[in-house]
Amino acid sequence: EFRFSTDWGETRLFGEFYPRLKDYYPQFEELPIRQIPLHILQQDEALRYQPYYQFAAPSLIVRLGARVVSFTNSYPYIGWEAFRPKCLDVWNIL
């Protein structure tokens with residue numbers, strides 16, 4: 001998980017990130033937290049670093065929020081040597 005701050009709003013961040021990631025992680029879903037009004041998400045400390053969107057490919061998941069990007073290696077585990085470069089690729093896109 002990487003936490004960050006930005007002057008970009010959540011909409012702009014997603015708009016820049018989605019087109020660059022969709023071909024590598026084609027399974028996309030908006031997470032249920034997006035049903036919570038944005039002003040509450042921004043004010044509630046417990047929700048500050050929660051992801052809003054999920055991108056997935058076989059055995060890899062990337063989650064993106066307004067202040068966080070996280071990575072998960074689901075089954076089958078591909079190992080750190082293969083997983084690390086994928087995380088860094090996404091971070092460099094962000």
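Here are three short exercises on salt bridges and on how the strands and helices are arranged.

A quick word on the model: it is predicted, so local features need pLDDT of at least 70 and side-chain atom pairs count only at pLDDT 80 or more, while totals for chains, interfaces and linings use all residues. Residues are numbered from 1 along each chain as its sequence is written, and side-chain values use heavy atoms, with hydrogens and water left out.

**Exercise 1. Find the salt bridges, and say how many the structure holds.**

Step 1. Start with the rule: a side-chain nitrogen of Lys or Arg has to sit within 4 Å of a carboxyl oxygen of Asp or Glu. Side chains of opposite charge can pair when their charged atoms come close.

Step 2. Go through the pairs. Glu 1 meets Arg 3 at 2.8 Å, N to O. Arg 20 meets Glu 16 at 3.5 Å, and Glu 45 meets Arg 48 at 3.2 Å.

Step 3. The count is 3 salt bridges.

**Exercise 2. Work out how Arg 20 and Glu 16 are placed along helix α1, and whether Glu 1 is buried or exposed.**

Step 1. Helices here are DSSP runs of H or I with at least four residues, strands are E runs of at least two, and both are numbered from the N terminus. In helix α1 (residues 10–21), Arg 20 and Glu 16 are 4 residues apart, so about one helical turn separates them.

Step 2. For accessibility, buried means under 20% relative accessible area, exposed over 50%, and partly exposed in between (1.4 Å probe, protein chains only). Glu 1, at 57%, is exposed. Arg 20 is partly exposed at 45%, and Glu 16 is partly exposed at 31%.

**Exercise 3. Lay out the sheet, then add the helices that go with it.**

Step 1. Two strands pair if DSSP finds at least two bridges between them. The open sheet has 5 strands in the order β1-β5-β4-β3-β2, with antiparallel pairing.

Step 2. Check the edges: β1 (2–3) and β2 (27–30) each have a single partner strand, so one side of each has no neighbour in the sheet.

Step 3. Now place α1, which packs on the sheet and touches β2, β3 (53–57) and β4. Contact means heavy atoms within 4.5 Å. The direction of α1 makes about 10° with that of β3; axes are lines fitted to C-alpha atoms, for helices over the stretch in contact, and angles run from 0 to 180 degrees between N-to-C directions.

Step 4. Finish with helix α3 (residues 80–93), which lies across β1, β4 and β5 and runs at about 155° to β5.
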